[in-house]
Amino acid sequence: MKLDVNALGTFYQMAQEGAGLAAGRLTRLTGVDTRVGVTKLNFMRGSDIRAELADESKKVGVRVELSGGLGGHAVIVFDRASAIRLVETLQPTIDDAPSLPEGPDDAFDEMNRSTITEVGQIMNSGFIDGWADVLGTAIDVATPEFVEGDTAEAFLADVDTTPGADDLALLFQSQIEAIDTEIEFRYYLFPEHDAMAEVLERQGADGESGIEYDKLAGFDRLAQRGADEVASNVTMLTGIDTSVEIRRLNFVPLEAMPEEIDDEQLVGVAFEFDGTPSGYLLFLFDESSAREIVRAMVPNEPDDEFGQMGQSAIKELGNIMASGFLDGWANVLDTTIDHSPPEYIHDMGAAVIDPVVIQLGENQEFAFVFDTVVQAADREFDCNIYAIPDEADLERAINDLPMNRIEDAPTKAAIEEIETDP
Amino acid sequence: MKTYGSEPGAPDPDPIRVGISEFVVSDSGQTLKSYGLGSCLAVGLYDEDSEIGGLAHIMLPDGDANDASEDKPGKFADTAVRAMLRQMVEKGASYTDVEAKVAGGSDMFDFESFGDGVGQRNIVAAREELDKLGVPIVAEEVGGQRGRTVVFETDTGAFSIKTADGDQEVREL
């Protein structure tokens, strides 16, 4: 089976329709205004999904098994605090409202559990009705199950469709923001392999274009090599000990990208790269992380971290990171990828990315975004890396990739000579 | 707008966030807001007498040459301006009284692949379409290398811009 952009576009539409219906139903039920936030299709490794669910915060979820037009499992996961707020919002409408758990370790009582299950199920059915609409099929939903805990097992036990540690799963991630109330949740769909294959077959255009599903692992290899090179280059140059925290491959409409980035001021370095694939690469730091970098790289701390000295330090670091990242890719793909000199930016998050979105938007509607977060253990250093390759180039590069190369492409740590500004 | 829950009865928040490729028309005095425009362009249309206004957050110049403009007129300068003006007139605005204010279209990066600049293309396209329709541009702040956030209050027609410069000063156009 092949993943082509048509089929992925259909999945995206499912995620969005589902989120719209779920948000509307949540509003009708609770009277709380809601807004559908960013909807994403993620390609995530099983081990990363488990890590995300086991991030030590207590969570509450409602899980259902699906069959019919789309078999698999769907789980809605709330932060514990969000679940409590949800019950609080609904309590005035319930006679003999139960008391909420007081301590952080107190369990939800039976009444609370059933309230959460009811809300979860109403949202579940919103999502699932949305998917069924898009697919033009009927999806059957089993009885909802209340799940709770701070481990991945709590949410994934008995779900036979979850991916293995190194398998890449196509995951829906939707966010509904409740205005004036913080209710956050994540939504996971784990479709059966065969159900996915069938949907892909039906939605795909001609069966010839597209990316081989089994080569999806190649994406992850790219993401991994690129990110590892960046982290080791940063450590070498600044002495700041960094590691790769998050690594995702998102499939998003270009328009969703500026929405996803924080409204706060960001400092960053941008590049265009040229080869197979070509595209754009951005390294974005929050202001305090950027200050930390300048302090680590400039011997005498400047008065203004973002003055001339600071800017060139950040550009230099960006350049090293870009070389590392693209070397990582070039090694996996057995090709060369050149990049432009660094462009420094210090501006609102969305404004930083929209020029790239516009440029790619002339020829494509969706983009594969390699989304990586590099962090330091002992100080503030958060770097978001966005690599956005040209879609056609990427498809070609991945399909040309021999399977054995995906398995054992070598990495080399290389630091190229830094281009200095005239 | 679909973004705010697609089931009927879901109330609209205020201010309404006008995301990239969207446009919103209001006849009830809502505040419309577009965050962090870089090379994107914000076009605000306003009829002072009827207090009907609209804001578009435009991504690309030419919708007439692109099939996607049928589903997403707000994405392109030409189709966004036309669709917004039509909706305003349907809601009771007087065509001949509508005026435009334009902001955005910065060129943040000097990349080879960007040619003359992606922001510049949107500015030119919006100006051309407004001119064709006979809608005067009464104020604009376009180009440059900074991002902008635009807030458009449709009860008064106030159109203000915030940039990310040191003091984050708010300017009214």
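1. Two strands are taken to pair if DSSP finds at least two bridges between them. In this predicted model, that condition is satisfied by β13(A) and strand β15 (residues 337-339) of chain A, which run antiparallel and are joined by 3 bridges. Within this pairing, F273(A) stands opposite H339(A) in β15(A).

2. Strand β13 (residues 265-275) of chain A has further partners, and one of them is strand β16 (residues 343-348) of chain A, with which β13(A) pairs in the antiparallel sense over 6 bridges; here V269(A) has Y344(A) as its bridge partner in β16(A). Another is strand β14 (residues 279-286) of chain A, again antiparallel, over 8 bridges, and in this case the bridge partner of A270(A) is L282(A) of β14(A). The connection from β13(A) to β14(A) is a hairpin of 3 residues. As for its surroundings, β13(A) is mostly covered, since 8 of its 11 residues are buried.

3. Turning to chain A as a whole, the model has 13 helices and 18 strands in this chain, and 50% of its 422 residues count as buried. Among the contacts in chain A with a separation of 6 or more, 78% are between residues 24 or more positions apart.

4. One helix of chain A allows a simple check of length. Helix α4 (residues 110-135) of chain A has 26 residues, which at 1.5 Å a residue should span 38 Å, and the distance of 36 Å between its end C-alpha atoms agrees with this. The residue that follows α4(A) is G136(A), whose phi is positive, near 60°.

5. The domain assignment divides chain A into domain 1 (2-203) and domain 2 (214-408), and the C-alpha centres of these two domains of chain A lie 30 Å apart. Where they meet, 13 residues of domain 1 of chain A are in contact with 16 residues of domain 2 of chain A. On the domain 1 side, the elements that give two or more residues are α1 (5-30) and β3 (40-45) of chain A, and β3(A) gives the most, with 6 residues. By type, the residues on this side of domain 1 of chain A are 8 nonpolar, 2 polar and 3 charged.

6. Between the chains, 34 residues of chain B are in contact with 36 residues of chain A. Strand β3 (residues 31-37) of chain B supplies the largest share of the chain B side, 3 residues, and the residues of that side divide into 17 nonpolar, 12 polar and 5 charged.

7. Chain B contains an open sheet of 5 strands, in the order β2-β5-β4-β6-β7, with mixed pairing. Its edge strands, each of which pairs on one side only, are β2 (23-26) and β7 (137-142) of chain B, and the twist from one strand to the next averages 10°. At one end of that order, β2(B) is joined by 4 bridges to strand β5 (residues 52-58) of chain B, the two running antiparallel, and F23(B) has A56(B) as its bridge partner in β5(B).

8. Two helices of chain B are placed against these strands. Helix α1 (residues 77-90) of chain B lies across β2, β4 (41-47) and β5 of chain B, and runs at about 165° to β5(B). Helix α2 (residues 118-133) of chain B packs on the sheet and touches β4, β5, β6 (99-104) and β7 of chain B, while its direction makes about 20° with that of β4(B).

Key:
Residues are numbered from 1 along each chain as its sequence is written. Chains are lettered from A and ligands numbered from 1 in the order in which they are written. This is a predicted model: local features need pLDDT of at least 70, side-chain atom pairs count only at pLDDT 80 or more; totals for chains, interfaces and linings use all residues. Axes are lines fitted to C-alpha atoms, for helices over the stretch in contact, and angles run from 0 to 180 degrees between N-to-C directions. Two residues are in contact if their C-beta atoms, placed from the backbone, lie within 7 Å. The expected span of a helix is 1.5 Å times one less than its number of residues. Domain bounds come from an automatic or database domain assignment. Ala, Val, Leu, Ile, Met, Phe, Trp, Tyr, Cys and Pro count as nonpolar, Asp, Glu, Lys and Arg as charged, and the others, Gly among them, as polar. A residue is buried if 20 or more other C-beta atoms lie within 10 Å of its own, exposed if 12 or fewer, and partly exposed in between; C-beta atoms are placed from the backbone.
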